[in-house]
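Reader: I should be grateful for a close look at a single part of this protein, followed by an account of how the rest of the described structure is arranged.

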Amino acid sequence: MDLIIKNGKIVTETEMFEADIAVKNGKIVAIGKNIDHQAETVIDAMGKLVLPGAIDVHTHLAMPFGGTVSADSYLSGTRAAACGGVTTVFDYPIQRKGNSILSLIDEKKAICETEACVDYAFHCCITDLNDGAILAEMEKAVEEGITSFKCFLVYKKEGMMVDDATFVKLLIRAKELGAMINVHAENPDIIDMNIETFLKEGKTSPWYHYLSRPEFVEAEADKRAVHWAKNFDAALYIVHMADKEGLEAAIDAKRNGNQIYIETCPQYLEFTSAVYQREDGRNFVCSPPMKGQESQDALWNAIRTGGIDTIATDHCPFQSYEKDWGKDDFTKIPNGCAGIENLYPYMLSAANEGKVSFNKVVECCCANPAKIFGCADKGSLTVGKDADIVIYDPDKKFTISVDNMHSDYDHTIWEGKELKGYPVMTISRGKLIFKDGEFLGKPGWGKFVKRVTNN
Ligand code: URP
Ligand code: ZN
Ligand code: ZN
């Protein structure tokens, strides 16, 4: 054996039990009591939890956006991922109008080959069908293992939005290919109308970022997206769900047998719109914005009751000086916040405090992402799967600070957040890449995850 992890408590999406795990050639080869094979490395996990590595299915690395580029490269973003127990990262390359998606994917793969510190996959954002050429390219993309595509129903002025007809064409095409459409749902016209009014009235603080896109503005688009998916009988994955009304409509559709999947993010579970009243409110500007307490309560409830399928970060940090562009005008703040290193520790701490179960965290951060997005070798501690493993010390106290993160950003919305318990080791395909606060991996270690459709 290459590695045996002994005496730990294994957590799956359904069980918790004491057992050892044996690893060979990057794969889990045995799970059982008192495995007594010889191994090159033996880790004693007495008193620790042994969990699958998390899959962050929503990140924006080195993404040109908001007049700049997001602060984490593929190297620093995946390094931070490793240090937060994330062993697979999904990025969202964005097609620029008129361009091919296949060449975009090739470009990103080439960067990741040398930079990625953990395994990686892509959902490809489509902004333009190029007279139908993209509908043809999608088939090749699926063959290459890119089995999900994203549409923005917002960001009209940024040239990223698709109209309803394009969205529906993509839903239909994805269905033919056994692929998935992911959607960012907010109503662009009402946002733009609100922004125009607020700016005319001199209402320029981050609070008006929230008021220009409040609960019902997101809810309309959530419901519209669900409506089209339902009526065209297509699968739909709603990213970064943040509002109660849209959430309930999507859960209703799911419970009525429609193939609707729902993601939320830790920032919506921790913060409310009150953050936009703070002095540093601009640092919290992301879209959709944090919502009120009622929405936050509904999100937690939906995690506990199975309405929400996945929890991912929407990691898209910007530097302080870039956030400062919007000091006197919220529309100039680049949208996005950090989270890749906080996702798993935050959710596991919530479990440790009794807010949800550890099994539920594994389900939403590991097992469901793998199942929904066709990562056959990932997402659970089972014989035959990749040995992507996190060892978690439930007694370790940790306070998040920009100084103990492993990203390239210079501030974090999570500053000062106290966590109960923390990952102490991350293992990627059998290799130790993080230990006791220190990154031990190397750029280029990460492999492309060729996904399969769920057909
Ligand atoms: O504010 C955000 N979420 N920035 C990243 C792009 C997106 O909408 O997901
Ligand atoms: Zn989005
Ligand atoms: Zn996003």
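Which residue in S20 does Phe434 stand opposite?

Author: In this predicted model, the residue opposite Phe434 is Phe439 in S20. Phe434 has a second partner to consider, since Phe434 of S19 is also the bridge partner of Thr426. The strands concerned follow one another along the chain. Strand S18 covers residues 418-428 and strand S19 residues 431-435; the two pair in the antiparallel sense over 4 bridges. Strand S20, residues 438-439, runs antiparallel to S19 and is joined to S19 by 2 bridges.

Each of the two connections is a hairpin. Between S18 and S19 there are 2 residues, and Arg429 in that hairpin has a positive phi near 45 degrees. The hairpin of S19 and S20 likewise has 2 residues between its strands, and Asp436 in the turn adopts a positive phi of about 45 degrees.

The metal sites deserve a separate description. The zinc ion (ligand 2) has two protein donors, His184 through ND1 and His240 through NE2, at 2.1 Å. These two residues come from distant parts of the chain, 56 residues apart: His184 belongs to strand S13 (residues 180-184), whereas His240 sits in the loop between strand S14 (236-238) and helix H8 (244-255). Both His184 and His240 are buried. The arrangement around the zinc ion (ligand 2) is irregular because its 4 donor atoms subtend angles of 57 to 147 degrees. A tetrahedral assignment would require all angles to lie between 85 and 135 degrees.

The zinc ion (ligand 3) is 3.5 Å from the zinc ion (ligand 2). The protein donors of the zinc ion (ligand 3) are His58 and His60, each through NE2, together with Asp314 through OD, at 2.0 to 2.1 Å. Their spacing in sequence is H-x1-H-x253-D. His58 and His60 are both buried. The site of the zinc ion (ligand 3) is again irregular, with angles of 88 to 145 degrees among 4 donor atoms.

Two of the metal-binding residues reappear around ligand 1. This ligand is surrounded by 13 residues, the closest being Tyr155, His184, Ser287, Asp314 and Asn335. Asp314, a donor to the zinc ion (ligand 3), also places an N or O atom of its side chain 2.6 Å from a nitrogen atom of ligand 1. A polar side-chain atom of Tyr155 is 2.5 Å from an oxygen atom of ligand 1. Ser287 contributes through its backbone, with a polar atom 2.8 Å from an oxygen atom of ligand 1. On its own, ligand 1 has 260 Å² of accessible area, and the protein covers 100% of it.

A last detail concerns helix H4, residues 164-177, in which Thr166 lies. Thr166 counts as buried because its relative accessibility is 15%, and the cut-off for buried is under 20%. The side chain of Thr166 makes a polar contact of 2.7 Å with the side chain of Asp163.

To return to the part you asked about, Phe434 in S19 is the bridge partner of Thr426 and stands opposite Phe439 in S20.

Note on methods. Residues numbered from 1 in each chain as written. Chains lettered and ligands numbered in written order. Predicted model: local features only at pLDDT ≥ 70, side-chain atom pairs only at ≥ 80, totals over all residues. Heavy atoms only, no water. Donors = N, O, S within 2.8 Å, 3.2 Å for Na, K, Ca; no water. Tetrahedral: all angles 85-135°; square planar, octahedral: opposite > 155°, others 65-115°. Buried < 20%, exposed > 50% of the residue type's maximum accessible area, 1.4 Å probe, protein only. Near = heavy atom within 4 Å. Polar contact = N/O pair within 3.5 Å; in protein donor to acceptor, adjacent residues only side chain to side chain. Areas by Shrake-Rupley, 256 points an atom, 1.4 Å probe, with all protein chains shown as cover. Pairing = 2+ DSSP bridges.
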